[in-house]
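Colleague: I am new to reading protein models. Could you walk me through this one, feature by feature?

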Amino acid sequence: MPEMTSTKRYYRKELGAMSTVWLQVGQCGNQIGLEWWQILTSESCAHQESDRYPFFTRDGKLSALAVDSELKVIRKLQKQIKRGVFRDSNIILGQRGRGNNWAYGYHGVRSDGEASLLERTMESFRKEVERRDCYSGTVLLHSLSGGTGSGLGARLCEAIRDEYPLGYILSVTVAPHQTGESPLQNYNSLLSLSWLQRYADGVLLFHNDDVLKKTSALLRNTTAAVPTGTQPQISFSSMNTYIASCLAGLMYPINMFKTGSKLSMGMEPWELLRSVCPIPAMKFLHTAQACKRGTAFWDSLASSVVHSLPRESPSGYPHYSTSVLAVARSNQDDSFVHSQNSVLLKLKQAYRCVPWNPFPLDCWIDFKNIIDPGHHSHSLTVCANHSSAVDLLKWVMEKSRIMYEARAYLHWYWKYGCEEEDFRQAFDTLHSVINNYGSVGD
């Protein structure tokens with residue numbers, strides 16, 4: 001191993017091991033994780049040692065675990081393992097898929113001698129926590145639809161809460177296309193969402209349909225070859241890149257949370273929760289982002305952010321926000337300071353901040369844009385505790401209720417250990433969330 005430079009030695013002496021453990025579960029979670037870690041390990045931020053160490057342990061390995069019941073997505077991590085970035089022991093694989101079944105993912109299988117994915121993951125998680133000087137929480141990347149992401153993701157969320165009750169849990173969750181990815185996706189989403197409501201502190205909720213629209217719009221704006229009126233071809237990689245970009249906008253180190261010597265303490269995920277999830281009953285978050293190169297027109301970026309914001313429910317009821325966080329990043333440019341008041345006013349009006357919160361808006365500013373570091377660029381990422389989450393919950397409840405009353409596919413859940421009480425509690429939990437969000441504008 002090459003000798004550590006004095007600068008790196010200084011950083012590690014002062015910072016030790018940082019507070020967050022990243023846990024990516026299932027195909028979707030690992031695909032997003034790949035895009036996220038590519039941003040964090042890129043050459044553009046490699047020289048920013050003080051910014052990188054919140055995501056690494058003392059030996060230079062990523063503070064992350066990759067869990068899946070199949071090999072196909074995890075195989076792409078081999079490149080990072082070979083580079084010495086990802087810890088080999090933090091890759092936990094099963095021998096078979098989970099059949100897009102929440103119950104199979106949650107309860108697992110103990111036949112043919114396969115050790116429990118849950119037990120192996122929690123053992124590796126414990127070791128990762130013990131590498132920290134201070135453990136503050138976990139960021140969980142997963143989906144609502146697949147058996148591993150929804151079922152095992154829910155079980156891990158519950159287990160981490162039980163074993164580390166003082167640590168935060170922030171879930172980065174992807175909802176499936178409404179047109180259908182699996183006949184079981186509504187059941188899986190119902191059960192997974194209810195578990196997140198019970199055990200997570202906040203849920204960054206991304207809808208595949210919305211991400212597809214936003215990624216398509218970005219491609220049209222940057223690709224002149226796409227004819228007008230033609231829908232460009234969007235890959236899952238492009239959609240995952242957009243989600244990872246939003247994560248970078250929200251959780252890459254911010255100057256205001258650094259020490260006096262400008263070293264990052266990795267507090268961004270937990271400050272985000274403090275800002276937008278002050279009420280435990282409401283924890284589902286809407287995220288949007290706009291980026292631009294060249295001259296900064298922050299009012300225009302704000303307009304781009306709010307353009308796709310759901311203003312009312314399908315039944316015509318207006319949506320409201322209990323709290324909003326805006327993160328402005330610009331490469332060595334303090335222009336946002338001059339536009340801050342007008343931008344925040346526009347966001348407050350567009351997001352319909354509730355009148356009973358005297359301080360509904362929070363704003364972070366950083367003079368480095370990791371999202372597009374190679375150019376003179378600017379980004380505005382907005383995270384809001386927004387009642388549009390109810391639209392997804394109502395959709396999932398309605399579709400699941402129809403299937404449940406028809407007893408459709410339930411035998412697949414009973415087969416793997418699910419019970420009637422699991423569904424009853426899930427319906428009750430989401431019904432309570434819907435009622436809570438429905439009253440925020442009163």
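Modeller: We will go from the whole protein to single strands, helices and residues.

Modeller: Keep in mind from the start that this is a predicted model.

Colleague: Thanks! Which helices and strands should I look for, and how many are there?

Modeller: A good habit is to begin with an inventory. The protein has 17 helices and 10 strands.

Colleague: And how much of the protein is buried?

Modeller: A residue counts as buried when its relative accessible area is under 20%. Of the 442 residues in this protein, 57% are buried. The protein exposes about 18900 Å², and carbon and sulfur atoms supply 52% of that area.

Colleague: What do the contacts say about positions in the sequence?

Modeller: Here you ask how far apart two touching residues are along the chain. Among contacts with a separation of 6 or more, 82% are between residues 24 or more positions apart.

Colleague: In what order do the strands lie in the sheet?

Modeller: Read a sheet from one side to the other, strand by strand. This one is open and mixed in its pairing, with 10 strands in the order 3-2-1-4-5-6-7-10-8-9. Strand 3 (91-93) and strand 9 (361-366) are at the edges with a single partner strand each, so one side of each has no neighbour in the sheet. On average, neighbouring strands are turned by 20° against each other, direction ignored.

Colleague: Let us zoom in on strand 7. Is it largely enclosed or left open?

Modeller: For that, count its buried residues. Seven of the 10 residues of strand 7 are buried, so the rest of the structure largely encloses this strand.

Colleague: Which way does strand 7 run against strand 6, and against strand 10?

Modeller: Look at the direction of each strand in a pair. Strand 6 (residues 202-207) and strand 7 (residues 284-293) pair in the parallel sense over two bridges. Val203 has Phe284 as its bridge partner, while Leu204 has Leu285. Strand 7 and strand 10 run antiparallel, joined by nine bridges; Ala290, for example, has Leu380 as its bridge partner.

Colleague: Which residues have the most contacts inside the largest nonpolar core?

Modeller: To read a core, find its size and then its best-connected members. The largest nonpolar core here has 59 residues, and those with the most contacts inside it are Trp102, Phe284, Tyr413 and Phe423. Helix 15 (residues 389-405) supplies the largest share of this core, eight residues. Apart from this core lies another, of 50 residues, including Ala64, Leu77, Val211 and Ala244.

Colleague: Phe284 turns up again! What is Phe284 in contact with?

Modeller: Skip its neighbours within four places in sequence and list what remains. Among the contacts of Phe284 are Leu193, Leu205, His386, Leu393 and Tyr437.

Colleague: How should I read a helix, say helix 9?

Modeller: Compare its span with the expected one, then check burial. Helix 9 (residues 185-199) has 15 residues and reaches 21 Å from first to last C-alpha, close to the 21 Å expected. Since 14 of its 15 residues are buried, helix 9 is largely enclosed by the rest of the structure.

Colleague: One last residue, then: is Ser143 buried or exposed?

Modeller: Ser143 sits in strand 4 (residues 137-143). Its relative accessibility is 9%, so Ser143 counts as buried. Leaving out residues up to four places away in sequence, Ser143 touches Cys28, Gly149, Ser150 and Val174.

How values were computed
Residues are numbered from 1 along each chain as its sequence is written. This is a predicted model: local features need pLDDT of at least 70, side-chain atom pairs count only at pLDDT 80 or more; totals for chains, interfaces and linings use all residues. Side-chain values use heavy atoms; hydrogens and water are left out. Helices (H or I, at least four residues) and strands (E, at least two) are DSSP runs, numbered from the N terminus. The expected span of a helix is 1.5 Å times one less than its number of residues. Buried means under 20% relative accessible area, exposed over 50%, partly exposed in between (1.4 Å probe, protein chains only). Contact means heavy atoms within 4.5 Å. Accessible areas come from the Shrake-Rupley method with a 1.4 Å probe; for residues, only the protein chains shown count as cover. A nonpolar core is a set of buried Ala, Val, Leu, Ile, Met, Phe, Trp, Tyr and Cys residues joined through side-chain atoms within 4.5 Å. Two strands pair if DSSP finds at least two bridges between them. Axes are lines fitted to C-alpha atoms, for helices over the stretch in contact, and angles run from 0 to 180 degrees between N-to-C directions.
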